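Work through the exercises below with the sequence and the model at hand. Each task is followed by a solution in steps.

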Amino acid sequence: MRPLVRYALAASLSRLADEMVGVSVVLLVLTRTGDFGLSGAAVAGYTLPAVLTGPLLGAWLAGARRPKVALMANELVLALVAFGLVVAVGHAPAVVVVGLTLCAGTSLPLTSGGFSSLLPALVRRAALPRANTMDAATINGAAVAGPAIAGTLAGDRKSTRLNSSHITI
């Protein structure tokens with residue numbers, strides 16, 4: 001498989017999962033706890049740290065010896081945090097839930113700009129504008145599809161009550 005195709009697949013899946021998290025976290029927290037405040041705090045924990053960490057992570061990744069390994073490690077951390085949320089929400093104190101979302105939110109910029117920073121090494125300079133267009137399409141496609149998929153997976157057609165076992169993070 002060509003490097004750009006592998007890149008597009010990895011970036012698309014990572015970004016799709018990232019865009020599903022906001023809706024999934026809200027639904028998971030509301031389903032298990034009914035706590036709107038905790039739901040909002042959890043989403044804020046996932047989204048707000050990126051404002052501060054984005055530039056720092058970008059500079060760090062630019063100097064990293066093996067940026068692909070760093071991005072893979074980030075994806076593993078995000079998967080572990082997602083698992084932690086599934087286990088913790090409704091069973092652990094609110095501070096644990098918000099702490100987990102803060103952990104994930106801190107490295108969130110790596111799923112967007114982090115992947116995009118790999119493009120110049122994957123394609124010739126002349127092909128970079130087209131590769132950037134493809135990359136933007138993966139970002140925009142995930143932004144549209146991710147929340148819709150999360151909401152659809154969480155829906156229970158037999159009742160109006162959400163079933164937390166259907167919520168995917």
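**Exercise 1.** Does Pro-3 count as buried, exposed or partly exposed, and what is the reason?

Solution. The model is predicted: local features need pLDDT of at least 70, side-chain atom pairs count only at pLDDT 80 or more, and totals for chains, interfaces and linings use all residues. Residues are numbered from 1 along each chain as its sequence is written, and side-chain values use heavy atoms, with hydrogens and water left out. Next, take the classes: buried means under 20% relative accessible area, exposed over 50%, and partly exposed in between (1.4 Å probe, protein chains only). The relative accessibility of Pro-3 is 40%, so Pro-3 counts as partly exposed. Pro-3 belongs to helix 1; helices here are DSSP runs of H or I with at least four residues, strands are runs of E with at least two, and both are numbered from the N terminus. Finally, 45 Å separates the C-alpha atom of Pro-3 from that of Gly-34, which is 31 residues apart from Pro-3 along the chain.

**Exercise 2.** Describe the surroundings of Ala-8, a residue in helix 1.

Solution. Start with accessibility: Ala-8 has a relative accessible area of 16% and is therefore buried. Then list its contacts (heavy atoms within 4.5 Å). With neighbours within four places in sequence left aside, Ala-8 is in contact with Met-134 and Thr-138. Last, compare sequence and space: Phe-115 is 107 residues from Ala-8 in sequence, while their C-alpha atoms are 9.4 Å apart.

**Exercise 3.** Which residues of the largest nonpolar core touch the most other members, and which helices supply the core?

Solution. A nonpolar core is a set of buried Ala, Val, Leu, Ile, Met, Phe, Trp, Tyr and Cys residues joined through side-chain atoms within 4.5 Å. The largest has 14 residues, of which Val-25, Val-29, Leu-85, Val-89 and Val-97 touch the most other members. At least two residues each come from helix 1 (3-33), helix 2 (36-47), helix 4 (67-88) and helix 5 (94-106). Helix 1 gives the largest share, 4 residues. Another core of 12 residues lies apart from it, including Ala-11, Leu-61, Leu-110 and Leu-118.

**Exercise 4.** How many helices and strands does the protein have, and what are its spans?

Solution. Counting gives 8 helices and 0 strands. The C-alpha trace spans about 55 × 35 × 25 Å along its principal axes. Buried residues make up 33% of the 169 residues. Of the contacts with a separation of 6 or more, 75% are between residues 24 or more positions apart.
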